[in-house]
Protein chains: 2
Amino acid sequence: MSILRPLPERLLLGPGPSNAHPDVLEAMSRPLLGHLDPDFIALLDRVKEGLREAFGTQNAMTLPLSATGSAGMEAALVNLLEPGDPVVIGVNGVFGGRMAEVARRAGAQVHTVEAPWGSTLEVSAMADAIERVRPRVVGFVHAETSTGVCQPVDEIARAARDAGALVVLDCVTSLAGRPVCLDEWGIDAAYSGTQKCLSCPPGLSPVSFSERAIAVARERDVPVQSWFLDLSLLAGYYAGEDTGSGAKRVYHHTAPISAIYGLAAGLDRVFDEGLPARFARHTAAADRLVQGLDPLGFEPLVAVADRLPMLTSVRLPESVRRLGEAVVRTRLLDEFGIEVGAGLGPLAGEIWRIGLMGENARPEPVDRLLEALRKILS
Amino acid sequence: MSILRPLPERLLLGPGPSNAHPDVLEAMSRPLLGHLDPDFIALLDRVKEGLREAFGTQNAMTLPLSATGSAGMEAALVNLLEPGDPVVIGVNGVFGGRMAEVARRAGAQVHTVEAPWGSTLEVSAMADAIERVRPRVVGFVHAETSTGVCQPVDEIARAARDAGALVVLDCVTSLAGRPVCLDEWGIDAAYSGTQKCLSCPPGLSPVSFSERAIAVARERDVPVQSWFLDLSLLAGYYAGEDTGSGAKRVYHHTAPISAIYGLAAGLDRVFDEGLPARFARHTAAADRLVQGLDPLGFEPLVAVADRLPMLTSVRLPESVRRLGEAVVRTRLLDEFGIEVGAGLGPLAGEIWRIGLMGENARPEPVDRLLEALRKILS
């Protein structure tokens, strides 16, 4: 009796994972190199360079962390925070809330600034809290995957830096799907995931730390609570430029070779297309989706100016509620092979989250979903 | 200019990763399912069942953690320890030392019991420390990857349990290469890696927690410092048996789908062969290696009774020292495509670590290495 059995084909239009590009899947199947092999180190250096370009940064400490996006969030916070540090976190969805919880577990004094789920954080509310709290770190979410809200970054980041705080930004869903400009915005630590607009499997968290962040981490009074995520230990393996030799890299943990092959292939797709074309494709696909859903009675949760292109959250029409939203999602999956995402938290049962990420941000997936919905709801 | 370029073929005879089986690589290239897809949940349940068999346990909380082995170590310790808890850790190599460091960062009062690198921990020394310290947790390493020592488990585990302590065991290198019997030994938390005797890529850490460990984690006074590794949160997604529906699984983080496909294929290989045959194959390959290295002047570091079959550490002969051990390793890699591992810590420059793990525990890889060494050293 085998553990691995034939698997169905799915069109993944939920909040991630998205479908991986065939080139990425082919890359994952290549034979392994050792994690200290000079050929692997050279590949890793090219991946780091590609991530810098995607993140819009010159940060040397930009790398694919060996775990999923939530670990990237944890890495960003536990390296910069010490017990008792004041922190301001913007919370307008699951992932802002998660950031606050991770910071609490790092012993920080967490001050949250709340906004309704589906709205952006108010700049003035964030600035007021920053002024009042004088935090060591300000954290918020660029692309809130639980609601589909895109948060304007620069004003909040400026307020934080003016107050001498470090800025942590969640870019899990935005990276490679719309502009991320860490250096221009003045971000000190950012994290993402590979399973969204990069169209790679889940398993890696691209992260980037500024020189300022590294200096703060270096001058800590107490060690980083996580050995696995300790920036200074990670630097022993990941830091440095392509030397043509793996000899200078110090073993920390064993890097996930195959996942990094996949990310390399994913980045190649991104840069073959070009970031501007990729961003435009995501926007066009979202427009097509919203227009197509309108006659079926689905209304966007988020105001048009604040909407993410790669993740559209829609309020459910009576036709879906009558059948049961979970029933309709199950029919989409079973009869049409299409996955869409349910709502989370207070939005459970109220919305769907429809992802058009990476390779799926094209007309065909949109039309396939619309056609299936028309059949189910007719 | 592409990031992913053609990669050389390597025979990976270091301390891991080992070469992945072609079936595993093929599995990694299959199209993705969503992490809440019922077909994926069913696969995950079969993987958990396979890991239970490999670990020799009935523990329900046995799962592939979404990060490498070091994160598994951290998960085992941070879930069971609270600040101030006394801990006894056996240290006779890098990974015992790492365990102590991870426990310190969790705020524990760490008492180490040291043994020379290349020797086993003395049962009496561990038992004395346990008696004196009355620890909450006793941790040690079954298969010390830095030295090639196999630690007898049952007596130390019994002493720990008799004193009311939880027992944490590092099985990174031993799992699926020699018997691991968590339930028979009375282990409360164990962790491994996929890139050793399972012949899968690095990236996942199979972990297992006993009911006793789960109860302790549930009754903690302070939250687990790591949100990503919090057992009670992980349980929301991973716990439960195959229900035929993913509906009962609560999203925590996005599981690394492709890596779990690979692990499923790796476990299929393990059980197709059968664990006893696999163990015997590892032993036979190690014997062939030691016999073949003897005429070349390589001497095993570890006494025959304490040797791991899947990782043989050997003192370097004058012929290798004269050329420079790093030079010889580079020639093995560049001219013969063979990777072997260097020594770590006090054993750097003194030993090599030669892994015959999983698919590589066969006569052909041994003979290929011996032939290459004969050519270089002649």
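Analyst: Two residues are in contact if their C-beta atoms, placed from the backbone, lie within 7 Å. By that rule, 60 residues of chain B are in contact with 61 residues of chain A. This is a predicted model: local features need pLDDT of at least 70, side-chain atom pairs count only at pLDDT 80 or more, and totals for chains, interfaces and linings use all residues. Residues are numbered from 1 along each chain as its sequence is written, while chains are lettered from A and ligands numbered from 1 in the order in which they are written.

User: Which elements of chain B build the side that touches chain A?

Analyst: Those giving two or more residues are α1 (22–28), α2 (38–55), α3 (69–80), α4 (94–105) and α10 (257–273) of chain B. The top contributor is α10(B), with eight residues. Helices (H or I, at least four residues) and strands (E, at least two) are DSSP runs, numbered from the N terminus.

User: How do you know that the copies meet through the same surface?

Analyst: Of the interface residues of chain B, 100% are also interface residues in chain A, so the surface is the same in both copies.

User: And what makes their relation that of a two-fold axis?

Analyst: Chain B superposes on chain A (by least squares on C-alpha atoms of residues with pLDDT of at least 70 in both) after a rotation of 180° with 0.0 Å of shift along the axis, at an RMSD of 0.0 Å. That is what a two-fold axis does. In chain B, A67(B) has the C-alpha nearest the axis, 2.4 Å from it.

User: Why is helix α3(A) called largely enclosed?

Analyst: Buried means 20 or more other C-beta atoms within 10 Å of a residue's own, exposed means 12 or fewer, and partly exposed is in between. Twelve of the twelve residues of α3(A) are buried, so the rest of the structure largely encloses this helix. Among them are G69(A), M73(A), E74(A) and L80(A).

User: How does the length of α3(A) compare with the expected one?

Analyst: The expected span is 1.5 Å times one less than the number of residues. For the twelve residues of α3(A) that gives 16 Å, and the helix reaches 17 Å from its first C-alpha to its last, which is close.

User: What makes β2 and β4 of chain A edge strands?

Analyst: Strands pair if DSSP finds at least two bridges between them. The open sheet has seven strands in the order β2-β10-β9-β8-β5-β3-β4 (chain A), with mixed pairing. Both β2 (61–65) and β4 (109–114) have a single partner strand, so one side of each lacks a neighbour in the sheet.

User: How do you know that β8(A) pairs with β9(A)?

Analyst: Three bridges link β8(A) to β9 (residues 189–191), in the parallel sense, and D170(A) stands opposite Y191(A). On β5 (residues 137–141) of chain A, five bridges make a parallel match with β8(A), where V141(A) faces D170(A). Five of the five residues of β8 (166–170) are buried: L166(A), V168(A) and D170(A) point one way, V167(A) and L169(A) the other.

User: Why is S199(A) called buried, and R134(B) exposed?

Analyst: S199(A) has 28 C-beta neighbours inside 10 Å, so it counts as buried. R134(B) has 12 others within 10 Å, so it is exposed. S199(A) has a positive phi of about 55°, and R134(B) has one near 50°. Most residues other than glycine have a negative phi.
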